[in-house]
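Let's take a walk through a protein model together. Keep the picture open as you read, and find each residue as it comes up.

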Amino acid sequence: MKTFAYLAAAGFALTATGVSAQSVESGYPRGSLAVAAIERGDLARAEALLKDDALGATSDPARLINLGEVYMRTGRTAEALAAWRAALASTRHTEVETLGGRWLSTRELAREALARYETAQLGTR
C-alpha cells in the first residue's frame with residue numbers, strides 16, 4: 001500500500017519544502033505525524049502529537065519513526081532507538097514519501113534510522 005505521507009525521520013526532513021502540513025500527512029489525521037512541528041523545531045509539540053492516541057495508533061510505524069526522530073533531536077538516544085526498533089518490528093508497514101522525496105517502506109526507514117544512530121547508543125554507555 002502506498003501512502004502519501006512525508007516522514008521527518010532520521011534527518012530526512014532536512015530538505016526544505018513548500019508543501020503544507022495537511023497535504024504531507026495525506027492518509028493520516030492532520031498533525032498525527034507531527035511533520036510541521038518537527039520542521040519548525042517545536043519538538044515538545046511534536047512529541048505530544050505523536051503520543052496522542054486520538055490522532056491514530058501510536059504503534060503506527062510512521063508515527064514511531066518520527067517519534068524516534070524527536071527523541072534523537074532531544075538527546076534521548078535510547079528512546080529513539082527503542083521507537084525505531086518498534087517501528088521495524090511492526091507488521092503494518094506501508095510505503096511512504098520522505099520530505100527528501102524518497103519513496104520507501106516504513107520498514108526500510110526504520111532500518112536506516114537504526115543503522116545511522118546505532119553508534120550513538122554505544123557512545124552513551
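## Charged pairs and a covered helix

Glu108 and Arg111 sit three residues apart in helix H6, which is about one turn of the helix. Keep in mind that this is a predicted model. The side chains of Glu108 and Arg111 come together in a salt bridge, with 3.8 Å from N to O. Why does that spacing suit a pair in a helix? An α-helix has 3.6 residues a turn, so residues three or four places apart point the same way. And side chains of opposite charge can pair when their charged atoms come close. Are the two partners buried, partly exposed or exposed? Glu108 is partly exposed, because its relative accessibility is 31%. Arg111 gets the same label, partly exposed, because its value is 43%.

Let's zoom out for a moment. The protein has six helices and three strands. Starting from the N terminus, the order of these elements is β-α-α-α-α-α-β-β-α. The protein has 125 residues, and 48% of them count as buried. Its accessible surface adds up to about 5,900 Å², with 52% of that belonging to carbon and sulfur atoms. How about contacts along the chain? Take the contacts between residues at least 6 apart in sequence: 54% of them join residues at least 24 apart.

Back to the charges. How many salt bridges does the structure hold? There are eight. Here are three of them, side by side.

| Salt bridge | Closest N and O atoms |
|---|---|
| Arg76 and Glu79 | 4.0 Å |
| Glu112 and Arg102 | 2.7 Å |
| Glu108 and Arg111 | 3.8 Å |

Look at the middle row, where Glu112 pairs with Arg102 at 2.7 Å. This pair ties together distant parts of the chain: Glu112 is in helix H6 (residues 106–123), while Arg102 is in the loop between strand S2 (95–98) and strand S3 (103–105), ten residues apart. Glu112 is partly exposed, since its relative accessible area is 21%. With 34%, Arg102 is partly exposed too.

Now for the top row. Arg76 is partly exposed, with a relative accessible area of 24%, and Glu79 is also partly exposed, at 35%. This pair doesn't stand alone: Glu47, Lys51, Arg76 and Glu79 are linked in a network of salt bridges.

One member of that network deserves a closer look. Glu47 lies in helix H3 (residues 43–50). Is Glu47 buried or exposed? Glu47 is buried, because its relative accessible area is 15% and the cut-off for buried is under 20%. Which residues does Glu47 touch? Leaving out residues up to four places away in sequence, Glu47 touches Leu67, Val70, Tyr71 and Arg76.

Some of those names lead us to helix H4. Among the buried residues of H4 are Leu67, Val70 and Tyr71. In fact, H4 is mostly covered, with twelve of its 13 residues buried. The buried set also includes Arg63, Asn66 and Glu69, so take a moment to find them in the picture.

Does the length of H4 agree or disagree with what its residues should span? H4 covers residues 61–73, and at 1.5 Å a residue its 13 residues should span 18 Å; the C-alpha atoms at its ends are 18 Å apart, so the two agree. What happens at the two ends? At the start of H4, a side-chain oxygen of Asp60 comes to within 2.8 Å of the backbone nitrogen of Ala62. Just after H4, Gly75 has a positive phi of about 80 degrees.

Gly75 isn't the end of the story on phi. Ala34 has a positive phi of about 60 degrees, although Ala34 is not a glycine. Where is Ala34? It is in the loop between helix H1 (21–24) and helix H2 (35–39). Ala34 counts as buried, because its relative accessibility is 2%.

Another alanine makes a nice contrast. Ala89 is part of helix H5 (residues 77–89). Ala89 counts as exposed, because its relative accessibility is 59%. Ala89 and Arg107 are 18 residues apart in sequence, and their C-alpha atoms are 8.1 Å apart in space.

Technical notes. Residues numbered from 1 in each chain as written. Predicted model: local features only at pLDDT ≥ 70, side-chain atom pairs only at ≥ 80, totals over all residues. Heavy atoms only, no water. Helix = DSSP H or I, 4+ residues; strand = E, 2+ residues; numbered from the N terminus. Buried < 20%, exposed > 50% of the residue type's maximum accessible area, 1.4 Å probe, protein only. Contact = heavy atoms within 4.5 Å. Areas by Shrake-Rupley, 256 points an atom, 1.4 Å probe, with all protein chains shown as cover. Expected span 1.5 Å × (residues − 1). Polar contact = N/O pair within 3.5 Å; in protein donor to acceptor, adjacent residues only side chain to side chain.
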